[in-house]
Amino acid sequence: MNRKYRKTIIAGNWKMHKTACETRTFAESLKHALPRTKRCSIVICVPFTNIPIAIKTLKDCRVAIAAQNMHWEESGAYTGEISAQMLVELGVKYVLIGHSERREYFAETDAIVNKKIHAALAAGLHPILCVGETEAQRELNLTDAHLNYQVQAALSGVSSEQIKNITIAYEPIWAIGTGKTATPEQAGEACATIRSILRSLYGAKLARQTTIQYGGSMNPENAKNLLSQSDVDGGLIGGASLKPENFLDIIFTANEYEESET
Ligand code: PGA
């Protein structure tokens, strides 16, 4: 992490978990611990149906609510879809774009990801852009080339002004939900690669200011080492974000780390 230049963002990605009632219980437990988490930005990416209760329960708290997906059009005949404007009106601040599960199970291409990034930005949402390589790509030494391609494709046409509103999550696909975490060095190197791609696209200053998270089996045990990498500015946490005590544990770790650094 590097507090001097960029925000630490710890985000929980609930995926298709929790009902509205469970969301309220979770949000209540989070609320009580917030005074001890001041140095981190906290985001929870909840299912669409839980957005209103999450926003209501966490009103006036420093927890931003995110959606896990959205459509790129403002409105239209897209049965089952949700637009950016619909999210904004509810009070949503962030949106995950291009999560590997969306890419894999819902055929989201890089072109679609790019359209969604533009639509989210136009509506005033902060996209969390997810990128990452497969195990085969890593074994073939194609990680950097793949990240280069994915980041550039997703950010095509995104201006220097707009990049300030984007967070990037490096999520190696082989580490998501598998319990197989990237080593701190692997995570640090990939996040540094992403920062160097941003540097070539937007210059050193904006690259330095962009928050780059690591995601993929981050948990209370490994968070400290992952977050100690200078280019890892937070986490996108799936499984370990479902229990408030685990999620808070990671947030406290990120929070403390900042204190000892400054
Ligand atoms: P995981 O999920 O922490 O369960 O590996 C991370 C993610 O998919 O964002």
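The exchange below concerns the ligand site and one helix pair in a predicted model.

Modeller: In this predicted model local features need pLDDT of at least 70 and side-chain atom pairs count only at pLDDT 80 or more, while totals for chains, interfaces and linings use all residues. Residues are numbered from 1 along each chain as its sequence is written, and side-chain values use heavy atoms, with hydrogens and water left out.

Colleague: Which side-chain polar atom lies 2.7 Å from an oxygen atom of the ligand?

Modeller: A polar contact is a pair of N or O atoms within 3.5 Å. A side-chain N or O atom of Asn-13 is 3.4 Å from a ligand oxygen, and a backbone N or O atom of Gly-238 is 2.8 Å from one. The 2.7 Å distance belongs to a polar side-chain atom of His-99.

Colleague: How many residues surround the ligand?

Modeller: A residue counts if one of its heavy atoms lies within 4 Å of the ligand. The closest are Lys-15, His-99, Glu-171, Gly-177 and Ser-217, and the number surrounding the ligand is 13.

Colleague: How is H5 oriented to H7?

Modeller: Helices H5 (residues 110-123) and H7 (residues 143-154) pack with axes 8 Å apart, at an angle of about 45°. Angles under 35 degrees count as roughly parallel, over 145 as roughly antiparallel, 65 to 115 as roughly perpendicular and the rest as oblique. Therefore H5 is, relative to H7, oblique.

How values were computed:
Axes fitted to C-alpha atoms, helices over the stretch in contact; angles between N-to-C directions. Helix = DSSP H or I, 4+ residues; strand = E, 2+ residues; numbered from the N terminus. Polar contact = N/O pair within 3.5 Å; in protein donor to acceptor, adjacent residues only side chain to side chain.
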